[in-house]
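Reader: Could you take me through the empty spaces, the ligand site and the unusual backbone of a model, giving the general idea before each case?

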Amino acid sequence: MADAIAAAAAKHPPAEKVKYQYGTAGFRMKADILDSVMTRCGLIAALRSRSLKGRWIGVMITASHNPPEDNGVKLVEPMGNMLAEDWEKLSTQMANLQTPEEVSKFYHETATRLKIDRTAPARVVIARDTRASGARLLACTLEGLKGAGAEYKDFGFLTTPQLHYLVRCFNTEGTHQEYGKPTEVGYYEKMGNAFQRALKGKEAAGSLTVDCANGVGGPKLTQLIKYIPKEALEIIVVNDNVIKPESLNVDCGADYVKTNQRAPPSSKAGPNDRCCSLDGDADRVMYYFKDANNVFHLLDGDRIATLAASFLGDLVRQCGLADSFKIGVVQTAYANGASTQYVERDLGLQVVCTNTGVKYLHHAAEKMDIGVYFEANGHGTIIFSEATLDKIAEYEPRNPGQAQALEVLRACVELINQAVGDALSDMLLVEVILAHKQWSCNEWLATYTDLPNRLLKVKVTDRGLFQATDAERKLVKPEGVQARIDDVVKKVRQGRSFARASGTEDAVRVYAEAATRAEADDLANKVAKIVE
Ligand code: NG1
Ligand code: ZN
């Protein structure tokens with residue numbers, strides 16, 4: 001075994017002078033320097049599975065919304081969650097070892113230190129997005145898996161959330177927590193059924209145009225549509241060209257729409273046409289439309305969270321379950337202040353703010369009975385605690401009204417991908433809610449008015465100097481900087497601003513919001529000057 005591991009590592013030496021880091025989104029960088037990382041991730045995935053006595057671990061090869069020449073890899077825990085933090089560290093250490101002997105030694109020493117049975121089975125599910133480098137990087141990963149003697153299932157092309165779904169299915173098969181059939185078709189069947197049941201005869205008003213970022217979401221949505229009756233919802237698929245991988249995320253997709261605050265230039269949507277954009281691996285979704293005056297409006301992750309929280313709140317009340325569990329919303333500091341105020345004041349629900357990165361939001365939501373969590377950029381989902389799921393499953397309605405609401409609630413539980421944020425699942429949930437409320441995007445937008453805001457990226461010599469606290473809303477270092485930020489914020493009506501080091505780019509991000517566009521821009525610029 002020792003030799004097989006060293007032999008696998010020997011096939012792909014690490015790139016010179018590169019420091020690899022398992023960050024908030026796994027390893028992500030230019031694809032041509034990733035080969036060694038992939039083989040070593042194969043080894044780590046096998047060891048992680050062995051540490052859990054052969055439970056299935058996921059490996060997803062993707063760089064999400066990054067440009068076509070990038071790629072990356074993320075590991076998935078048995079219940080479909082993101083990799084545990086101590087294993088992120090082990091992955092980083094493994095990726096930065098120089099020689100094959102060091103790799104083999106590290107594998108064995110880690111096994112000994114963590115008391116992992118090296119003869120335990122290792123099981124891994126693997127998939128990739130549509131990037132040109134994917135096939136090569138898959139082969140590198142398989143070399144690691146084979147070197148460690150792991151059993152694996154290669155599912156070819158999948159969205160990131162589909163891979164998370166499969167991992168959870170494999171690990172819950174035959175238990176009372178059974179999540180679904182562990183096949184790609186099983187995913188479509190579950191979504192399609194739940195969507196129709198949740199609609200309960202309601203129909204979506206008008207069609208939905210979905211921009212798939214020329215990524216894996218395109219072909220997968222085309223499959224999913226076969227399980228959705230056209231009378232219930234007509235979906236128009238655009239930007240689904242995966243034959244030309246160099247078009248991935250270029251002038252389209254959720255990140256483009258969010259960053260540029262505009263529809264993809266190729267969009268042919270007319271006034272009041274409901275549109276949404278997925279990102280390259282279909283774990284983020286952004287809604288948007290042009291109003292009758294051709295003004296563009298974005299309905300981002302904050303909007304999806306508020307819509308879902310208000311709908312679930314109503315459903316739970318209609319079921320007669322309002323006193324049984326509390327719904328909470330988890331946001332990051334980037335959530336628009338108006339959305340936070342709407343949830344707390346108008347919906348009367350608790351809001352928790354966490355660090356940036358979905359794993360932090362997920363952990364906070366796990367502490368709630370029903371936890372709605374979304375990043376403003378459209379990544380998020382809703383999770384139900386075990387006790388909540390049991391109660392919803394066992395509850396006996398007392399009248400027909402309660403029974404009706406309960407059926408919709410149970411269908412929503414099925415429709416929501418509780419393993420991870422899932423653009424396709426989130427999108428169908430939004431469609432269910434709009435159909436029930438008989439709302440267009442205009443009514444959705446009218447629930448509250450976003451405060452004008454500005455996000456800036458500031459190049460600094462060392463972002464490591466910037467240390468934040470209080471869910472990254474306050475800087476403790478460099479000393480004195482926060483006091484200067486507080487000073488300028490104080491002078492602005494409804495002003496709020498913070499600066500934090502990015503976890504994914506070599507920069508400090510500055511966010512500011514205020515009563516007017518001019519004040520928000522001015523505040524952002526002033527804070528940027530302070531951190532520069
Ligand atoms: P950083 O670079 O740490 O700000 C960005 C996004 C996060 C999250 C991660 C992972 C913003 C402001 N930040 O993090 O929301 O999605 O990337 O992809 O959008
Ligand atoms: Zn993504």
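Author: The turns below take up the cavities, a pocket, the ligand and then the backbone of this predicted model.

Reader: How should I read enclosed space, and how many cavities of 30 Å³ or more does a search of the whole structure find?

Author: The general idea is that rolling a probe the size of a water molecule over the atoms shows where empty space is left. In this structure the search finds two cavities of 30 Å³ or more, and the largest cavity has a volume of about 60 Å³, whereas the second largest cavity holds about 40 Å³ of space.

Reader: Which residues line the largest cavity?

Author: Its lining is made up of Tyr22, Gly23, Thr24, Ala25, Gly26, Lys74, Leu75, Met82, Leu83, Glu88 and Lys359, and by class these residues divide into five nonpolar, three polar and three charged.

Reader: And which residues line the second largest cavity, and which helix gives the most to that lining?

Author: The second largest cavity is lined by Thr306, Leu307, Ser310, Tyr342, Trp439, Trp444 and Thr447, with helix H10 (residues 301–319) giving the most, at three residues. In this lining there are four nonpolar and three polar residues, but no charged residues.

Reader: How does a pocket differ from a cavity, and what volume does the second largest pocket have?

Author: A cavity is a space from which the probe cannot get out, whereas a pocket is open. Here the second largest pocket has a volume of about 740 Å³, and 27 residues line it, of which Arg168, Gln177, Phe384, Leu389 and Gln418 are the closest to its centre.

Reader: Which elements supply at least two residues each of the lining of the second largest pocket, and how does the lining divide by class?

Author: Helix H7 (184–199), helix H12 (358–366), strand S14 (380–384), helix H13 (386–394) and helix H14 (400–415) each supply at least two residues, and among these H13 gives the most, with five residues. By class, the lining of the second largest pocket has 11 nonpolar, seven polar and nine charged residues.

Reader: Turning to the ligand, which residues surround ligand 1, and which domains each give at least three residues to its shell?

Author: One reads a ligand site by listing its neighbours and then asking which atoms approach the ligand. Ligand 1 is surrounded by Arg284, Tyr334, Thr356, Glu375, Asn377, Arg500, Ser502, Gly503, Thr504 and Arg509, a shell of one nonpolar, five polar and four charged residues. Domain 3 (301–422 + 438–445) and domain 4 (453–531) each contribute at least three residues to this shell.

Reader: Where do polar side-chain atoms lie relative to the oxygen atoms of ligand 1?

Author: A polar side-chain atom of Asn377 lies 3.0 Å from an oxygen atom of ligand 1, and for Glu375 a side-chain N or O atom is likewise 3.0 Å from a ligand oxygen atom. For Arg509, the distance between a side-chain N or O atom and an oxygen atom of ligand 1 is 2.6 Å. Taken alone, ligand 1 exposes 440 Å², and the protein buries 85% of that.

Reader: Finally, how do I read the backbone, and is the peptide bond from Lys477 to Pro478 cis or trans?

Author: Most residues other than glycine have a negative phi, and most peptide bonds are trans. The bond from Lys477 to Pro478 is cis, with omega near -5°, and Pro478 is placed in the loop between strand S17 (474–477) and helix H17 (481–490). Asp251, although not a glycine, has a positive phi of about 55°, and Asp251 sits in the loop between strand S7 (235–238) and helix H9 (254–260).

Conventions
Residues numbered from 1 in each chain as written. Chains lettered and ligands numbered in written order. Predicted model: local features only at pLDDT ≥ 70, side-chain atom pairs only at ≥ 80, totals over all residues. Heavy atoms only, no water. 1 Å grid on protein atoms, 1.4 Å probe; cavity = no way out; pocket = protein on both sides within 12 Å on 5 of 7 lines; lining within 4 Å. Points joined across faces, edges and corners; volume = space filled by probe spheres on them. Helix = DSSP H or I, 4+ residues; strand = E, 2+ residues; numbered from the N terminus. Nonpolar A, V, L, I, M, F, W, Y, C, P; charged D, E, K, R; others polar. Near = heavy atom within 4 Å. Polar contact = N/O pair within 3.5 Å; in protein donor to acceptor, adjacent residues only side chain to side chain. Areas by Shrake-Rupley, 256 points an atom, 1.4 Å probe, with all protein chains shown as cover. Domains from an automatic or database assignment.
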